[in-house]
Amino acid sequence: MTKPRRFRWLRYLIGTLLILVIGILAAGWFLLAGSRARLDGELHLAGLKDAVSITRDALGTATLQGQNRDDLSYALGYVHAQERFFAMDLMRRLPAGELSELVGGKALDTDINHRRHRLRSVAEAAYAQLAPAQKHTLDLYAAGVNAGLADLHVKPWEYLLLDAKPQPWRPEDSFLVIAAMYLDLNGDGRNERELHIAELRSVLPAPMADFLLSPDPDWEAPLQGDLSRPPVIPGPEVLDLRQTQPSTKGDSSALTAALLPALDQARPGSNSFAVAGSLTENGSAMLANDMHLSLRVPNIWFRTRLRYPDTTAPGGQRDASGLTLPGTPALVVGSNGQVAWGFTNSYGDWLDWVRVQRDPSDATRYKVPEGWATMEVHDEVIRIKDAPGHTLKVEDTRWGPIMGKDTDGTPLALAWIGDRARGYNINMMQLEHADSAHAALDLAPTLGMPPQNLLAADSAGHIGWTVTGNSIPLRKGFDPQLPADWSAPDTGWVGWAEPSQYPRIEDPADGRLWTANNRTVDGAELGLLGNGGHDLGARAQQIRDDLRARNSFTPGNLLDVQLDNRALLLTRWQRLLQDSLASTHDPELEQLRQLTATWTGRAAPESVDYRLVRAFRDKVKENVLAPFVAQVRQRHDDFSWPGMIDAEAAVWALLRDRPAHLLDPKYDNWNALLQAAAHQVIDDLGKQPGGLAARSWGEINRTAIRHPLSRALPAFVGRMLDMPDEPLPGDNNMPRVATPGFGASERLDAMPGHEAQSILHMPGGQSDNPLSPYHGAGQEDWVNGRPTPLLPGPDQHTLTLTPVAP
């Protein structure tokens, strides 16, 4: 073969490959483009009474304007499906235990855990008992969702990748979306925290357990009531580690894993605070809210403005702006021109373990106050993509499903408000019509949702706080922190709180309110709400003090508080580190001392001192708590520190008083423990390229906001779907909460009646389609803390939905 002919074949081969690559890229572009939302034009749809206009600004904020709320519910379903159907599908499948059907066996463990709650059946029962008007709203919304899905030229691109067909939306699926929030905000419906508390208390003496689990009055910031009592260190007659505890040497990896929940961890929660009209120039109160959740592409929330006639609104026109939750028709947080509202997780106690006494002669029966009852047994079939299904046997009691065992092996049923159909409705939609903070608080006890702190601020200058949710249990005859036998009469959950029993604060004297997942009340009100893992309080205290530092506020001032990344909690730990290393002659320890001697006191991306002091605190807490955890693990090898319990109070008390009988015997003295922690920091961080001096906070604290499927795709494709991975300021225990893939899912700073001056941040963008102009819209402003207006900017697109002619 001649040389020119060889080159000719090579050119043909290269040309063919180029055509193939271009064809694949063109096909991919066509399929992605085909699943983009319709933004312009006119569309005739059955189910509407009157026309609805849908406009979008540069951020993709959807403004829906129509003649009635019913049409807007339908149109909102249409828009949500066009932009977010895959995310909505994941939200309904997660609590129903149906992910494996879509993504395969890797989701089976998650499905098994959630299917035990049979939440699809709960959602169906909740829908069946709704008032006709609410059923009608959910029917309209579902019809709109299915119309929006059908109007895509190509099914959402994720289903092409998964080789799956999207299933129609059902009205009860909106309650599964609410169930997903119950799971996220209530510890995934497993209540492992109280199981581990029970294990700890079954081994350690009661005074020792009380001490280790005690709250920290140094950092508490309740809205009302007293601070907790300082923890009391038990004496050697209670526990002496020198006599009873073997050394923890050689058990480091398992022990470290068991101690992780004792360290700073991301907790679904939020900040919310309000200032009265007496502290603003125009007399309107103001509200700030940033809800802390896992972050993803697209964001969980959807920027929305709703405009429709309403005789209760100023000028007869309701104009409400804020965030909707795709999968539901409600405006979750926002401002309606008269009232602004927002939520934080209450961390009340909404789950209890019930000891189930089986009938020795018939294991299907169990003891109840009336004698014996028969368990309901359900064979739940979990369908798995490309694999045989898995059958899960669920044993259900009147209190809840059997989901665990007590420390003595007794079966445990989980009583959880998320499993009760009564806990679901769409009364939240009534907040759009509230004309005052007082009226918003009145609605709180009727809302079918996870119990949250509700803060409201109105245009007349009033502010208020209460707890939402229509399912706050009344308890009787047992300790709610431990598994208990409810078979005795008048024991267990004996009813539900009445609205008059809900704690409530209106117009406090200093014109300021704040919540940040901290304990808010004490006494009988705390007894009603319970403790489901209150935050340490440092975040709430910092917000409170930021508010008290000013006597006049604008929305920008509230944003400044939300972005506060000062590390007040770590200041005393920086001093402790410096004191511990003051006389060292070890060159490695001397470098650590020098790098942390100048304390910037901020969780800034460039900060090395913050990262090193934070790591030191973690290591010290591990070392202090290790012997107690090791002792519990001798009897319960699955034990780990109870989640959502920060041991700051106990650890700091021990470091302050340094009792020899509660020091791990492997250390000669407490200073040896502190220096060992310093060496551990060096071992973990100093051996990396550049050594300790290169270990900035931004190296590990990054955005990491990804699409759920991006990890399964080639890296270059994943980068198209994900948000840019950038360093972030902030951390836990300060107002600006930020850890990789977790943080403020929105930042709202609203002045009702003056929405044009209000602010709304949102990461991750409006659309999941990488070809959409709204994929990632707003992300850069969120990262950099630049104010983004709450109200939409100029219209860029207009779509009109009109009813089909009769």
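On a 1 Å grid over the protein atoms alone, a cavity is a set of points where a 1.4 Å probe fits but cannot get out, whereas a pocket is an open set with protein on both sides within 12 Å along at least five of seven lines. With that definition, a search of the whole structure, which is a predicted model, finds eight cavities of 30 Å³ or more.

The pockets and cavities described here are set side by side in the table.

| Space | Volume | Lining residues by class |
|---|---|---|
| Largest pocket | about 1100 Å³ | 22 nonpolar, four polar, nine charged |
| Second largest pocket | about 700 Å³ | ten nonpolar, ten polar, eleven charged |
| Largest cavity | about 340 Å³ | 15 nonpolar, nine polar, no charged |
| Second largest cavity | about 200 Å³ | nine nonpolar, four polar, five charged |

**The pockets**

The largest pocket, with a volume of about 1100 Å³, is lined by 35 residues, and those closest to its centre are Leu 90, Leu 94, Leu 99, Arg 296 and Pro 708. Helix 2, helix 7 (157-162), helix 8 and strand 5 (286-294) each contribute at least two residues to this lining, and the largest share, five residues, comes from helix 2.

The second largest pocket, which holds about 700 Å³ of space, has a lining of 31 residues, with Arg 193, Leu 213, Pro 215, Asn 531 and His 534 closest to its centre. At least two lining residues come from each of helix 9 (192-203) and helix 14 (523-529), and helix 9 gives the most, with three residues.

**The cavities**

Around the largest cavity there are 24 lining residues, of which Met 181, Leu 325, Val 332, Met 428 and Met 449 lie nearest its centre. Helix 8, strand 4 (269-275), strand 5 and strand 9 (339-345) each supply at least two residues of that lining, and no charged residue is counted in it.

For the second largest cavity, of about 200 Å³, the lining comprises 18 residues, and the closest to the centre are Gln 265, Arg 267, Asp 535, Asn 732 and Asn 733. Five residues of this lining are charged.

**Helix packing**

Helix 2 (residues 69-96) and helix 8 (residues 173-185), both of which supply residues to the lining of the largest pocket, also pack on each other at an angle of about 70 degrees, with their axes 8 Å apart. Since angles of 65 to 115 degrees count as roughly perpendicular, the two helices are therefore roughly perpendicular to each other, and their crossing is left-handed. On the side of helix 2 the contact involves Met 91, Arg 92, Pro 95 and Ala 96, which meet Asp 173, Leu 176, Val 177, Ala 179, Ala 180, Met 181 and Leu 183 in helix 8. Sorted by class, this contact has nine nonpolar, no polar and two charged residues. Met 181, one of the helix 8 residues in the contact, is also among the residues nearest the centre of the largest cavity.

A second pair is formed by helix 18 (residues 587-597) and helix 19 (residues 608-633), whose axes come within 8 Å and cross at roughly 125 degrees, which makes helix 18 oblique to helix 19. The crossing of helix 18 and helix 19 is left-handed. Leu 592, Leu 595 and Thr 596 of helix 18 make the contact with Asp 609, Leu 612 and Val 613 of helix 19, and the residues involved divide into four nonpolar, one polar and one charged.

Technical notes:
Residues numbered from 1 in each chain as written. Predicted model: local features only at pLDDT ≥ 70, side-chain atom pairs only at ≥ 80, totals over all residues. Heavy atoms only, no water. Axes fitted to C-alpha atoms, helices over the stretch in contact; angles between N-to-C directions. Helix = DSSP H or I, 4+ residues; strand = E, 2+ residues; numbered from the N terminus. Parallel < 35°, antiparallel > 145°, perpendicular 65-115°, else oblique. Left-handed = near helix turned anticlockwise from the far one by under 90°. Contact = heavy atoms within 4.5 Å. Nonpolar A, V, L, I, M, F, W, Y, C, P; charged D, E, K, R; others polar. Points joined across faces, edges and corners; volume = space filled by probe spheres on them.
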